[in-house]
Amino acid sequence: MAASVIRAKLDLLIRLVDTTTGAQVTERNIVFKRDGIPVIPETKDPGSYIFINTGREDFLMRIEVFGYDVYETWVRYEELDEKLPECDVFLMPSESMSRGEKVLSFSGTLPFLKKIEAICLQKPVCFAKEFNKKTVSLTVYVNNGDRISMDDRYYGLLKEDGTGYEKIEVETSVSLQSVRLKEAIEEEQVSNLPVMRIIFGRVSEDGEYVLKVRDSGGNLTYLVRYEVGDEVRFQEIDFNSEEKKLK
């Protein structure tokens, strides 16, 4: 009798991240839906879930997590890595169920809006020291001598004039003060430029947007990056202000 062979193929890895803090979401009260049908993934570690032998056809993914807004997005495999298809899901805490600091919301509608995100101008993670084009590695430092933590994947490198930022994606840590990036930095001079973690918002097909941050007190000025059609725009938004909308 011939022995049967069962092959396991990883078809999708999902990481759930609280976009306001950068921390992985460890809440276990979660419902995953694939094209409207509930599915049960395997738990890789708190906040990470894997789908095995489910196929690689594009589908509409819906994630319902207790304490967070419902998340929906299309999973398109042509946009994912063939060897390791992975997806970082940035969840926004529900204002009525927020834990810890109060959640502040910024919402509205802007025609032809495609994406929205932001960095906090008062909270640099670190500062750029040097970029090595050959190794695609960025060396950073902090002024107070604390340990540098670049455990997140997406950061914004604030431009010298403060009117915008360049998005950078961390691929892996090289040392305590250096990380390897997925792509080269376009900015010519990076020395002393602040590096901030990116907070992601949500945009619907009709241009309705929402962006949420934690109310840590004090100055809450953020530099918002948004894409309208093929144009990238930046705008400073004070989350303490009663009147705030995209232009």
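This report describes the fold, surface, cysteines and selected residues of a predicted model.

Residues are numbered from 1 along each chain as its sequence is written, and side-chain values use heavy atoms, with hydrogens and water left out. Because the model is predicted, local features need pLDDT of at least 70 and side-chain atom pairs count only at pLDDT 80 or more, while totals for chains, interfaces and linings use all residues.

## Overall fold

The chain has 0 helices and 21 strands. Helices (H or I, at least four residues) and strands (E, at least two) are DSSP runs, numbered from the N terminus. The radius of gyration is 20 Å, which agrees with the value near 18 Å for a compact globule of 247 residues. That radius is taken over C-alpha atoms, and the globule rule is 2.2 Å times the number of residues to the power 0.38. Along the principal axes, the C-alpha atoms fill a box of roughly 70 × 45 × 35 Å.

Contact here means heavy atoms within 4.5 Å. Of the contacts between residues at least 6 apart in sequence, 65% join residues at least 24 apart.

## Surface and charge

Of the 247 residues, 42% are buried. Buried means under 20% relative accessible area, exposed over 50%, and partly exposed in between (1.4 Å probe, protein chains only). The chain exposes about 14,500 Å², with 46% of it supplied by carbon and sulfur atoms. These areas come from the Shrake-Rupley method with a 1.4 Å probe; for residues, only the protein chains shown count as cover.

There are 34 positive and 44 negative side chains, and the centres of the two sets lie 3 Å apart. Lys and Arg count as positive and Asp and Glu as negative, with His and the chain ends not counted. Each charge is placed at NZ of Lys, CZ of Arg, CG of Asp or CD of Glu.

## Cysteines

A search of the whole structure finds 0 disulfides, a disulfide being a pair of cysteine sulfur atoms within 2.5 Å. Cys126 is in no disulfide, and the nearest cysteine sulfur, that of Cys120, is 14 Å away. Cys126 counts as buried because its relative accessibility is 1%. Cys87 also counts as buried, at 16% relative accessibility.

## Positive phi

Most residues other than glycine have a negative phi. Two non-glycine residues with a positive value are listed below.

| Residue | Phi | Loop between | Relative accessibility |
|---|---|---|---|
| Asn53 | about 55° | strand S5 (48-52) and strand S6 (59-65) | 46%, partly exposed |
| Phe112 | near 70° | strand S9 (103-109) and strand S10 (113-120) | 67%, exposed |

## Two residue environments

Val179 is found in strand S15 (residues 178-181) and is buried, with a relative accessible area of 4%. Leaving aside neighbours within four places in sequence, Val179 is in contact with Val136, Ser137, Leu138, Met150, Val170, Thr172, Ser173 and Val174. Val179 and Leu138 are 41 residues apart along the chain, and their C-alpha atoms are separated by 5.4 Å.

Glu95 is found in the loop between strand S8 (86-91) and S9. At 44% relative accessibility, Glu95 counts as partly exposed. Beyond its neighbours within four places in sequence, Glu95 is in contact with Val103, Ser105 and Lys212. The C-alpha atoms of Glu95 and Val142, 47 residues apart along the chain, are separated by 33 Å.
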